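Biologist: I would like a close look at a single part of this model, taken slowly and with its surroundings. Please walk me through it in one connected answer.

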Amino acid sequence: MYWQPESECMDREELEQLQLERLESTLSRVYMNVPFYRKRFDEVKFNPDDLRSLDDLKKLPFTTKNDLRDNYPYGLFAVPLRDVVRVHASSGTTGMATVVGYSRNDIKTWSNLVARILTAGGITKDDVIQISFNYGLFTGAFGLHYGAERVGASVIPISSGNTKRQIQIMQDFKTTALVGTPSYAMLIADTMMEMGINRNSLSLKYGLFGAEPWSEAMRKELENKLKIVATDNYGLSEVMGPGVAGECMERHGLHIAEDHFLVELINPQTLEPVEPGEAGELVITTLTKEAFPVIRYRTRDLTRLIPEPCACGRTMRRMARVFGRTDDMLIIRGVNVFPQQIETVLFEIEGVAPHYQIVIDRKGALDETTVNVEVSESIFFDEMKKQSELKETIKKRLAGELGISVEVKLVEKKTLERFEGKAKRVIDNRKF
Amino acid sequence: MLRIRNLDAGYGTLTVLRRVSIHVKPGEIVTIIGANGAGKTTLLKTVTGLLRAQAGEILFNGQDIGRMPIERIVMNGCSLVPEGRQVFPAMPVRENLLLGAYVQFKRGNKHDVEKDLDHAYTLFPVLRQREHQLAGTLSGGEQQMLAMARALMARPKLIMLDEPSMGLAPLMVKEIFNIIVRIREQGNTVLLVEQNARSALKIANRGYVLETGRIILEGDSEDLLANRDVQRAYLGREQEGN
């Protein structure tokens, strides 16, 4: 099932023409309307009239989160504020928030692009869709909300939190699709089990999860616990919000809406393009945004492009699930470590609950990493021998995966913090 | 059907169009809107070969027509209805139409010409009434119809219209645009250049906004109609809602 088959299954040559046309008009507009971009282009002596191919985009400088902050709040808007019908902002956990705006057409495009990923994830107008993302300045909830309405599904805008009530509503309203972060979906699933609710009393069929990186193992766990088909979707507020890319039923990579976004993958250190098929940082240029276009925006998200055609018939290229963020990347004893690597290992081990925490301390000149892992009650109260065996197994597997040795601490169930939004699983106590 | 990439064009050392890229798919009506002097006519002249591109590529059904002689471009199925009609005033309507069939004679299809004439008269009944009248005696609207009928006599695949509504009374404008829709329904593809942005966008599938020789916006017609910049610059008033 497709939402916009003429676009999603577009001939690649036709797509390239469309991308070129849209890139050229976007560059003309930002050069005319956004002083920041005009200055940046002038600095590298780039005249938008000189762009002759998609490849010429490489002559332009990158835009970063810092550029967005420096122009807080409205400095990068390409239309007057009176043409903006919506403003969203990112949380600003690591500094000042960044603000983005949408014109009426932007909201329409956004709705359609989310409708694409919902349709690809199995949703039709017959579905009852529970949106357990936090409604507010964060783009996740509204994006999915618009897309679901566009498809014609029945939307329950429940927002996040109050997990028992979520489950109650899921039962009473016969929710067929759950939308939220994967970590919150996991909390809902666990709470359901504790409440002794039989999964078969629910009508749930689909889960569309995003807004944080998650592993394949976590997908399996969610699919088993909730008896759903779970798909991954990707987006970020600086670029639009959800709808940038999403999985189809093949569940092997996320189709990028390439008719609206031009993507590049770069090596985050050298800033050079990576070899085809290699992993790198995703860089996005918007092709149709009116109010808040971005040119070569560094997403900090690490992924890989899958150039092979997909069995679903969509011609839009896929990206592998985001396996980390350049700013989530931990450098422990000089080795690059991503939290998702640890998650993947933990999920593969019997008797380990899908809740963990990574704590890093510096003792003298050395980094010491401890992974706190929740284990099932039976193991926790079991004899010491079994416990230490499990601990050794986890340590060995982690060392094999990461290339460094870490401490492992087994903790009782439900001792680690739970998250209703994006999970925060790393505690870095090092001072640099 | 038509694919233009990075077209630079102009007159002598003067460059009017700067890296213009557009495309038209079979069966579409695509419109190019823009103010006077934006380069709209220059664009159509370059596609028909009346002007040569300074740089860039023009593909018509996959074939590069950028260096092709005009008559071969027309022969390939690309016809222009020029700005200001350009009918032959001292010739009767019928002869004007037969001149349009020139390539049909060259193609060896002269037996089809009578049928095509009849078809043109069906599409534009007023031309049948004026068949033997000199073209110069027709009203502006009738001359526009004649120019369109003449272009159709070449049996084009793509018909390009340059400001068909120019100088016409509102009622006549409406009729001309209705006929453009009918031309598309009969299997033609239309590239329409217009200052009358609202009427053009209402019948087009997609549109491009040309400003001082550059495409600054492209999109589905309904999205362009809803764009506030387009509303301010080309639709003459700010619309609320949509």
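Biologist: How many bridges join strand S1 of chain B to S2(B), and do these strands run parallel or antiparallel?

Modeller: In this predicted model, strand S1 (residues 2-11) and S2 of chain B are joined by seven bridges and run antiparallel. Tyr11(B) has Leu14(B) of S2(B) as its bridge partner, and the hairpin that the strands form leaves two residues between them, with Gly12(B) adopting a positive phi near 60°. Strand S2 (residues 14-24) of chain B is largely enclosed by the rest of the structure, because nine of its eleven residues are buried.

A comparable description applies to S3(B), where five of the five residues are buried, so that this strand too is largely enclosed by the rest of the structure. Its side chains can be followed face by face: Ile29(B), Thr31(B) and Ile33(B) point one way from the strand, whereas Val30(B) and Ile32(B) point the other way, and all are buried.

The sheet around S3(B) gives these residues their setting. It is an open sheet of six strands in chain B, ordered S6-S7-S8-S3-S9-S10, and its pairing is mixed. Strand S6 (78-81) and strand S10 (214-220) of chain B are the edge strands, each of them pairing on one side only, and neighbouring strands of the sheet are turned by 15° against each other on average, with direction ignored.

Within that order, S3(B) has S8 on one side and S9 on the other. With S8(B) it runs parallel, joined by five bridges, and here Ile32(B) stands opposite Val193(B). With strand S9 (residues 206-211) of chain B, strand S3 (residues 29-33) of chain B pairs in the parallel sense over four bridges; along this pairing Val30(B) stands opposite Arg206(B), and Thr31(B) stands opposite Gly207(B).

A helix completes the view of this part. Helix H8 (residues 170-185) of chain B lies across S3, strand S7 (158-162) and strand S8 (189-194) of chain B, and its direction makes an angle of about 155° with S8(B). S3(B) is thus described by its strand partners S8(B) and S9(B), and by helix H8(B), which lies across it.

Terms used:
Residues numbered from 1 in each chain as written. Chains lettered and ligands numbered in written order. Predicted model: local features only at pLDDT ≥ 70, side-chain atom pairs only at ≥ 80, totals over all residues. Pairing = 2+ DSSP bridges. Axes fitted to C-alpha atoms, helices over the stretch in contact; angles between N-to-C directions. Contact = placed C-beta atoms within 7 Å. Buried ≥ 20, exposed ≤ 12 C-beta atoms within 10 Å, placed from the backbone.
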